[in-house]
Amino acid sequence: MSNQFPTLHIVDHPLVQHKLSVMRDKNTSVKDFRALVGEIAMLLTYEATRDLPMTTRTIETPICSYEAPVLAGKKLAIVPILRAGLGFEDGILTLVPSARVAHIGMYRDEETLEPHFYFLKYPKDIAGRDVLIVDPMLATGGSADMAITKMKELGCKNIKLMILVAAPEGVKFIYERHPDVDIYCAALDDHLNENGYIVPGLGDAGDRIFGTK
Ligand code: PRP
Ligand code: URA
């Protein structure tokens, strides 16, 4: 599907696309699915952090003095949406080990598709941090909208959303409500079905990561 959303960045890399195809296969085991979520998390993080500010530091190489490029030390918080967002956590922290982690708990009512909030724990200085909200699935967009809104209520200004599979309905909803939030995803799928599942999708991400069903 073509991308008509100005804030949507699709990470169209062969490794990402191959790993995602394995994950979509209903015969992929829980063990493999979980490992692949972690691997794709790292590849998506690579793109979502591409604009981190840089500075330089003078170092001595074995040969000479050198103004070496280093991260400017901008503070980052990642915000996994429970449960499925937890699948991204380790992969992101492998690449950005100094990031702080805020957890936000919500589940989607299977009938109404409305998100229900149940938990929030965050670092005290979160308002001063760049925030990366992470969840494998963006379906109606209700859960991501609630997570973004809660972060904005805490004073966060620079917010990104990192997703594995997005539905056009969810991207449109988030774009209309939060045009300031860039979305990074591995794929923009076709549509939502009558049960609110993404088509072709990969099923229930939380169930497939944790082996619940
Ligand atoms: C899934 C998914 C998102 C949400 C997406 O979580 O991980 O959080 O649904 O749907 P939406 O865009 O329509 O809100 P779910 O509520 O099933 O909980 P889980 O992570 O515990 O499986
Ligand atoms: N949540 C999921 O885990 N999968 C979907 O397809 C939609 C919402």
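How far is an oxygen atom of ligand 1 from an N or O atom in the side chain of Asp135? The distance is 2.4 Å. This is a predicted model, and every value here is computed from it. The report takes ligand 1, then ligand 2, then the pockets and the backbone.

**Ligand 1**

The shell around ligand 1 holds 15 residues. The closest are Arg83, Arg108, Asp135, Thr140 and Ser143. Asp135 uses its side chain to meet an oxygen atom of the ligand. Two other contacts come from the backbone. Ala84 places a backbone N or O atom 3.0 Å from an oxygen atom of ligand 1. Ala139 does so at 2.9 Å. Taken alone, ligand 1 exposes 490 Å², and the protein buries 91% of that.

Which elements give two or more residues to this shell? They are S6, S8 and H4. The largest share, 3 residues, comes from S8. By class, the shell around ligand 1 has 6 nonpolar, 5 polar and 4 charged residues.

**Ligand 2**

Ligand 2 is surrounded by Arg108, Met137, Ala139, Gly196, Tyr197, Ile198, Gly203, Asp204 and Ala205. This shell divides into 5 nonpolar, 2 polar and 2 charged residues. Arg108 is listed here, and Arg108 is also among the closest residues to ligand 1. Ala139 is listed here too, and a backbone atom of Ala139 lies 2.9 Å from an oxygen atom of ligand 1.

The table gives contacts between ligand 2 and polar backbone atoms.

| Ligand 2 atom | Residue (backbone atom) | Distance |
|---|---|---|
| Oxygen | Ile198 | 2.9 Å |
| Nitrogen | Gly203 | 2.8 Å |
| Oxygen | Ala205 | 2.9 Å |

On its own, ligand 2 exposes 240 Å², of which the protein buries 89%.

**The pockets**

Where do the ligands sit? Ligand 1 takes up space in the largest pocket. Ligand 2 sits in the largest pocket as well. About 670 Å³ of space lies in this pocket. Its lining counts 28 residues, and Tyr107, Arg108, Asp204, Ala205 and Gly206 lie nearest its centre. Five elements are listed as giving two or more residues to the lining: strand S4 (76-82), strand S6 (103-108), strand S8 (130-138), helix H4 (142-153) and helix H6 (205-210). By class, the lining has 14 nonpolar, 8 polar and 6 charged residues.

The second largest pocket has about 210 Å³ of space. Of its 13 lining residues, Gly73, Lys74, Lys75, Leu76 and Ser98 are the closest to its centre. That lining divides into 7 nonpolar, 2 polar and 4 charged residues.

**Backbone features**

Most residues other than glycine have a negative phi, and most peptide bonds are trans. Three places in this model depart from that pattern.

A cis peptide bond joins Leu82 and Arg83, with omega at about -10 degrees. Arg83 lies in the loop between S4 and helix H3 (86-95). Arg83 is also one of the closest residues to ligand 1.

The peptide bond from Val199 to Pro200 is cis too, with omega near 5 degrees. Pro200 is in the loop between strand S13 (198-199) and H6.

Leu113 has a positive phi of about 70 degrees, although it is not a glycine. Its place is the loop between S6 and strand S7 (115-121).

Terms used:
Residues are numbered from 1 along each chain as its sequence is written. Chains are lettered from A and ligands numbered from 1 in the order in which they are written. This is a predicted model: local features need pLDDT of at least 70, side-chain atom pairs count only at pLDDT 80 or more; totals for chains, interfaces and linings use all residues. Side-chain values use heavy atoms; hydrogens and water are left out. A residue is near a molecule or strand if one of its heavy atoms lies within 4 Å of it. A polar contact is a pair of N or O atoms within 3.5 Å; within protein, one must be able to donate a hydrogen and the other to accept it, and residues adjacent in sequence count only if both atoms are side-chain atoms. Accessible areas come from the Shrake-Rupley method with a 1.4 Å probe; for residues, only the protein chains shown count as cover. On a 1 Å grid over the protein atoms alone, a cavity is a set of points where a 1.4 Å probe fits but cannot get out, and a pocket is an open set with protein on both sides within 12 Å along at least five of seven lines; lining residues have an atom within 4 Å of a point. A molecule sits in a cavity or pocket if more than half of its atoms lie within 2 Å of its grid points. Ala, Val, Leu, Ile, Met, Phe, Trp, Tyr, Cys and Pro count as nonpolar, Asp, Glu, Lys and Arg as charged, and the others, Gly among them, as polar. Grid points are joined across faces, edges and corners, and a volume is the space filled by probe spheres set on the points. Helices (H or I, at least four residues) and strands (E, at least two) are DSSP runs, numbered from the N terminus.
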